[in-house]
Amino acid sequence: MAQLQPDQQQPPPATIPNPRFTLELEFVSSLANPYYLSHLAVNYPTLLGISKSHDESDVNDENSDPEAEAFAAYLAYLYSYWKTPEYAQFLTHPGASLRALRLLQEENFRRDIIRPQVIEGLAGLGINGADELGEQKGEQNKEDQENQASGENTDGKQ
């Protein structure tokens, strides 16, 4: 079906009767659940770029899995339009779903998601906790920048 290829470039119309929209909505919504992310990592590690041998510290382009690259591109495609208000309004838990999609853009996160500590950390944040954590980090970064701007000589503090 050659028709599917061009469709992948454009998001589906944001209407519930559209089967592709409904399928992608269900998938993106399910990403809000850290245990679903764990399920993906455990059952489909190659999609997330998780190698069987954890000894490799860097990823060689020669060893990269085409399926993992395609899945990463699909996640980027989903994030590009689900973060817009037109689509985000349909998400039950937009904060958690979009946070998971954003994190899945990072290769390190896709590789580390198989670790139970990462999943428990995400589960511990809860749906609203991620937003609070992001605000705390943002406030801390702003405070650090203000301290650096106001204190011209910070060498004495080290």
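**Notebook: a predicted all-helix chain**

**Entry 1. Overall make-up.** I counted eight helices and zero strands in the protein chain. For this count, helices (H or I, at least four residues) and strands (E, at least two) are DSSP runs, numbered from the N terminus. Read along the sequence, the pattern is α-α-α-α-α-α-α-α. I note that this is a predicted model, in which local features need pLDDT of at least 70 and side-chain atom pairs count only at pLDDT 80 or more, while totals for chains, interfaces and linings use all residues. Residues are numbered from 1 along each chain as its sequence is written, and side-chain values use heavy atoms, with hydrogens and water left out.

I then looked up burial for the whole chain. Of its 158 residues, 28% count as buried. Buried means under 20% relative accessible area, exposed over 50%, and partly exposed in between (1.4 Å probe, protein chains only).

**Entry 2. Helix α2.** I examined α2, which covers residues 19-30. Its twelve residues reach 17 Å from the first C-alpha to the last, close to the 16 Å expected at 1.5 Å a residue. The expected span is 1.5 Å times one less than the number of residues in the helix.

Which residues of α2 are buried? I found Phe21, Glu24, Leu25, Phe27 and Val28 to be buried. They cover an arc of only 170° around the axis, so they sit on the same side of α2. The arc is that of the directions from the helix axis to the C-beta atoms. On the other side of α2, I recorded Pro19, Leu23 and Glu26 as exposed.

**Entry 3. Salt bridges.** How many salt bridges does the count come to? I obtained three, where a salt bridge is a side-chain nitrogen of Lys or Arg within 4 Å of a carboxyl oxygen of Asp or Glu.

One of them belongs to α2: the side chains of glutamate 24 and arginine 20 meet at 3.3 Å, N to O. These residues are separated by about one helical turn, because they are four residues apart in α2. I noted the general rule: an α-helix has 3.6 residues a turn, so residues three or four places apart point the same way. Glutamate 24 is buried, with a relative accessible area of 3%, whereas arginine 20 is partly exposed at 21%.

Arginine 111 forms a salt bridge with glutamate 107, their closest N and O atoms being 3.8 Å apart. Both residues lie in helix α7 (residues 107-112), four residues apart, about one turn of the helix. Arginine 111 is partly exposed at 27% relative accessibility, and glutamate 107 is partly exposed at 40%.

I also looked up aspartate 112, which forms a salt bridge with arginine 115; the closest N and O atoms are 4.0 Å apart. Aspartate 112 has 28% relative accessibility and counts as partly exposed. Arginine 115, at 38%, counts as partly exposed.

**Entry 4. Helix α6.** I turned next to α6, which covers residues 94-103. Seven of its ten residues are buried, so α6 is largely enclosed by the rest of the structure. The buried residues are Ala96, Ser97, Leu98, Arg99, Ala100, Leu101 and Leu103.

Proline 94 also lies in α6, but it is partly exposed at 34% relative accessibility. I checked its distance to valine 28: the two C-alpha atoms are separated by 9.2 Å, although the residues are 66 apart along the chain. Valine 28 is among the buried residues of α2.

Phenylalanine 90 has its place in the loop between α5 (85-88) and α6. It is partly exposed, with a relative accessible area of 28%. Phenylalanine 90 and alanine 14 are 76 residues apart in sequence and 8.6 Å apart in space, C-alpha to C-alpha.

**Entry 5. The cavity.** I searched for enclosed space and found one cavity of 30 Å³ or more. On a 1 Å grid over the protein atoms alone, a cavity is a set of points where a 1.4 Å probe fits but cannot get out; lining residues have an atom within 4 Å of a point. Grid points are joined across faces, edges and corners, and a volume is the space filled by probe spheres set on the points. About 30 Å³ of space lies in the largest cavity.

Which residues line the largest cavity? I listed Leu31, Ala32, Pro34, Leu37, Arg99, Ala100, Leu103 and Leu122. Both α3 (34-43) and α6 supply at least two residues of this lining. The largest share, three residues, comes from α6.

By class, I found seven nonpolar residues, no polar and one charged in the lining. Ala, Val, Leu, Ile, Met, Phe, Trp, Tyr, Cys and Pro count as nonpolar, Asp, Glu, Lys and Arg as charged, and the others, Gly among them, as polar.

Terms used
On a 1 Å grid over the protein atoms alone, a cavity is a set of points where a 1.4 Å probe fits but cannot get out, and a pocket is an open set with protein on both sides within 12 Å along at least five of seven lines; lining residues have an atom within 4 Å of a point.
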